[in-house]
Structure formats: C-alpha cells, structure tokens
Amino acid sequence: MGRKEFDVSELDIIDYRKCGAMAIFKPLFGGNVPPEPVYNTPITPKENWRLAAAGKKPYWIPRGGWGFCDINVFRPRIHPDSVVTHIICDGEEDYPYTSNTMTSDWFGLEWVFVPHVGGATVKPGNPKVLDASCWEEYVSLPSLDAMDFAMCGEKNKEFLNTPKMNQLGILSGFWERLMSLMDVEGAAVALIDEEQKAGVHRLFDALCNLYDEYIDRMVKHCDIDCVLVHDDWGTQNGPFFSLDTCMDMIAPYLKRMVESAHKRGLLFELHSCGKMEKLVPAILEAKVDIWCPQSINDFDSLVETYKDETLIFGKQGIEVPQGLGDEEYRQLGRDWAAKYIDYHVCTATRGIPEAFTQGVYEYSRKAYQDAED
C-alpha cells in the first residue's frame, strides 16, 4: 500500500509537550523553556525513526538532538551519574541541587559540573584505578538491586507517553568510563600496555553485563525506544587512539551494547564528540544506528563515503542567517533537504528556526512519499 501524499495540514501543530531536556535547556532560556510542538504527521516520529534506521526511506528526514526534535531525551535520576552530572531529564520535579561537586554511587567518583559549559567531568589528579590489570582491587561494580526501577517507571509514565522516540541516555561508555577511573593519560596507556590490556578487557566485559542488565530492567518498567551511550573518542584535532586500537579494545564491547538494545527492539545512538572520521569503521562494525558528528568533522565527505551503509549521520551546526521571514527559512530548509535527500541523515542542530525544520519536513516528505514502508 502506498503512502499518503503530503498535505499542508501535516504542518499543523496539534499539541504541545514539555521539553524532555528541560533541565538542560533552562540556562539557555533563562529558566523558561517553551513546550515542544507536536505536528499532524501521518506516522509518529518514533515510527519514522525506525524506518530510517532500517535503511528504508523514512516519511521525512528525522530531527535528532537534545530537544525540540523527534527525540524525547530520558535521563532518569534513578541513575546516580545523571544526578551528579546535572543532566537529569525525566518527569519529576526539579532536582534540589546545592553543589556543583558531587560524588556518584557508581564507582565513587567525584564529578564537577561547570555551569557555563553545561557539562561535568571527574575531578582529575586523583585516579581511582592506578593499574587496569587489577582494577578489581580499586573499585567494585555498582549494584542495580539498590535502584527502584518500578518507581522510576511509575513516576515517568506520563513523561514517556509521547509520539517521539523515547531515548534512554547512559553515562558513560567504555573509553569515557576508563578515563573517569584512570584519568586520560592512564587510560590511554592502559589501552596499549600489554600488561594492562587483559584487565581493560575484563572491565569492559563487566560493564557490558552491567549495562545489559540496566537496559533490561529499564525496558520492563519504562516505555523506551532507543538507547544512547556517551563515549567521546576524539579531541578537537583527532582521535584519542588509532582505529586498530579501537577495533581491538572498544568496538567489540560497543557492539555488545548495540546488541543489548537491538535484541529488545530498541535503536542505538552513539554520542561521541571530537574529530574522529578515522574511527567511523569501528562505529559501523558495532552496528550503531545513529551518530551525530560534531561540525569539526567533514559531514559531506562522511555521508558520501558511507552512503551505502545504514548508519544515520546527524548534521550539527546548520548555519542560517538571522532576521529572515518564515517563508525564507522554509526555503532554506527545502534547499538543505534537497542536498541530502539521498543520504542517511538527520538534522541535529539546536536553535534553528522552526520554519527551517518545516521546510526540511515538507521537501523530504514529498520526496519520500512514493517509497514503500
């Protein structure tokens, strides 16, 4: 059965919902975050994401990102790392923070939140693990039994009752976790030191088991469509490690996390910052569904090089001029969509005018309307 032809009524706003990432956006909006519009689309955004991730033509080019998009960001406070890093995104009241420095129950790490950056990092200079070959002597794995998943599900039932793709975010991935335990220098050495590599493999194996169980318990109590894992692999100049090292030490475990999501019918997004075009083969090896590279990467080269893969590349840093009218912004959106219509892409830029995204929607909706579901 063919798809319904585009109708201008699809751009009608039929509802408004609380922004999933409200806690993150409050500083940007002076504490007053507007609600997100829900459009009269022929299928839900979460259904559209599934088509795109399956390598099929979606109904429209999806909108990714942290908010004001087709994703409902879910970082429940049941996870201690969400609390200490100040990125709680859930349906409960604002968390009563009294300090920017907090210690997480997960691995006993002290995190420092930097408000003007909007992010947190483990306080450096006092690594928990001095030798990865015997990391078990320094730290123990967190216990999931201490977390009330049923209560989390009950308190977030309405928050997750949305047509958008509910995305469970997890801090941290494998490289980031190793860095948080050993500091950057120690972690980098551990990845290539023959005396420590076996210990790193044991740690990453244990983390895979922990995350698999965490995802399993979450999906039993919460309506989840996707899992996102943070694991920044690059600096502003290039990767932290070589592709060979990544394929040997990290990609196999990332692949297991992707499998944890896929076997439960969930999509998987890797959040990985830095200039890291060289590491894309490892992302593909792990079967990741979505990656939104920072704008320091050559987006056009990436989508062309990997156009035959199903990996969806998210375009950050879309630049549009200020002070234009809505129709001018819609035309810019149509032009952008025309450029990328034959690639596996999503928009992932915060702060672009809504009229621009409507133009992207209109052009791509018309371009894809003859495709098969």
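Asp70 lies in the loop between helix H2 and strand S3 of this predicted model. With a relative accessibility of 4%, Asp70 counts as buried, because the cut-off for that label is under 20% relative accessible area. Leaving out residues up to four places away in sequence, Asp70 touches Pro45, Trp49, Trp60, Pro62, Arg63, Lys164 and Met165. Two of these partners, Pro45 and Trp49, are themselves buried residues of H2.

The loop between H2 and S3 also holds Phe68. Phe68 is not a glycine, yet its phi is positive, at about 55°. Most residues other than glycine have a negative phi. At 23% relative accessibility, Phe68 counts as partly exposed, whereas Asp70, at 4%, counts as buried.

**Helix H2 and its cover**

How many of the nine residues of helix H2 are buried? Seven of them are, so the helix, which runs over residues 45-53, is largely enclosed by the rest of the structure. The buried residues are Pro45, Lys46, Asn48, Trp49, Leu51, Ala52 and Ala53. An α-helix has 3.6 residues a turn, so residues three or four places apart point the same way. The cover over the buried residues of H2 includes six strands: S3 (71-74), S7 (165-170), S9, S10 (290-291), S11 (312-315) and S12. Just after the helix, Gly55 takes a positive phi of about 85°.

**Thr347 and strand S12**

Strand S12, which is part of that cover, spans residues 345-347 and contains Thr347. Is Thr347 buried or exposed? Thr347 is buried, as its relative accessible area is 5%. Its contacts, apart from neighbours within four places in sequence, are Ile61, Pro62, Arg63, Gly64, Lys315, Ile318, Trp336 and Val360. Pro62 and Arg63 appear in this list, and both are also touched by Asp70. Asp70 and Thr347 are 277 residues apart in sequence, while their C-alpha atoms are 9.9 Å apart in space.

**Distances in sequence and in space**

The table sets three pairs side by side, with distances taken from C-alpha to C-alpha.

| Pair | Apart in sequence | Apart in space |
|---|---|---|
| Asp70 and Thr347 | 277 residues | 9.9 Å |
| Cys273 and Trp336 | 63 residues | 23 Å |
| Lys307 and Ala21 | 286 residues | 31 Å |

Cys273 sits in the loop between strand S9 (267-271) and helix H9 (280-285). Neighbours within four places in sequence aside, Cys273 is in contact with Asp232, Trp233, Gly234 and Gln294.

Lys307 is found in the loop between helix H10 (299-305) and S11. Its relative accessibility is 39%, so Lys307 counts as partly exposed. Beyond residues up to four places away in sequence, Lys307 touches Tyr343 and His344.

**Backbone exceptions and the annotated span**

Lys287 has a positive phi of about 70° although it is not a glycine. Lys287 is placed in the loop between H9 and S10. Which two residues are joined by a cis peptide bond? They are Leu171 and Ser172, with an omega of about -5°. Ser172 belongs to the loop between S7 and helix H5 (174-192).

An unreviewed UniProt entry carries the annotation "domain: Uroporphyrinogen decarboxylase (URO-D)" for residues 169-314. This span is 52% helix and 12% strand, and its end C-alpha atoms lie 17 Å apart.

**The chain as a whole**

The secondary structure of the protein chain comes to 12 helices and 12 strands. A compact globule of 373 residues would have a radius of gyration near 21 Å, and the chain agrees with this, because its value is 21 Å. The C-alpha trace spans about 65 × 45 × 40 Å along its principal axes.

Of the 373 residues, 53% count as buried. The chain exposes about 16600 Å², and carbon and sulfur atoms supply 49% of that area. Among contacts with a separation of 6 or more, 69% are between residues 24 or more positions apart. The chain has 37 positive and 59 negative charges, and the mean positions of the two sets are 3 Å apart.

Definitions and conventions: Residues are numbered from 1 along each chain as its sequence is written. This is a predicted model: local features need pLDDT of at least 70, side-chain atom pairs count only at pLDDT 80 or more; totals for chains, interfaces and linings use all residues. Side-chain values use heavy atoms; hydrogens and water are left out. Helices (H or I, at least four residues) and strands (E, at least two) are DSSP runs, numbered from the N terminus. Contact means heavy atoms within 4.5 Å. The radius of gyration is taken over C-alpha atoms; the globule rule is 2.2 Å times the number of residues to the power 0.38. Buried means under 20% relative accessible area, exposed over 50%, partly exposed in between (1.4 Å probe, protein chains only). Accessible areas come from the Shrake-Rupley method with a 1.4 Å probe; for residues, only the protein chains shown count as cover. Lys and Arg count as positive and Asp and Glu as negative; His and the chain ends are not counted. The place of a charge is taken as NZ of Lys, CZ of Arg, CG of Asp or CD of Glu. UniProt positions are given in the numbering used here, feature names are shortened, and annotations may be inferred rather than shown by experiment.
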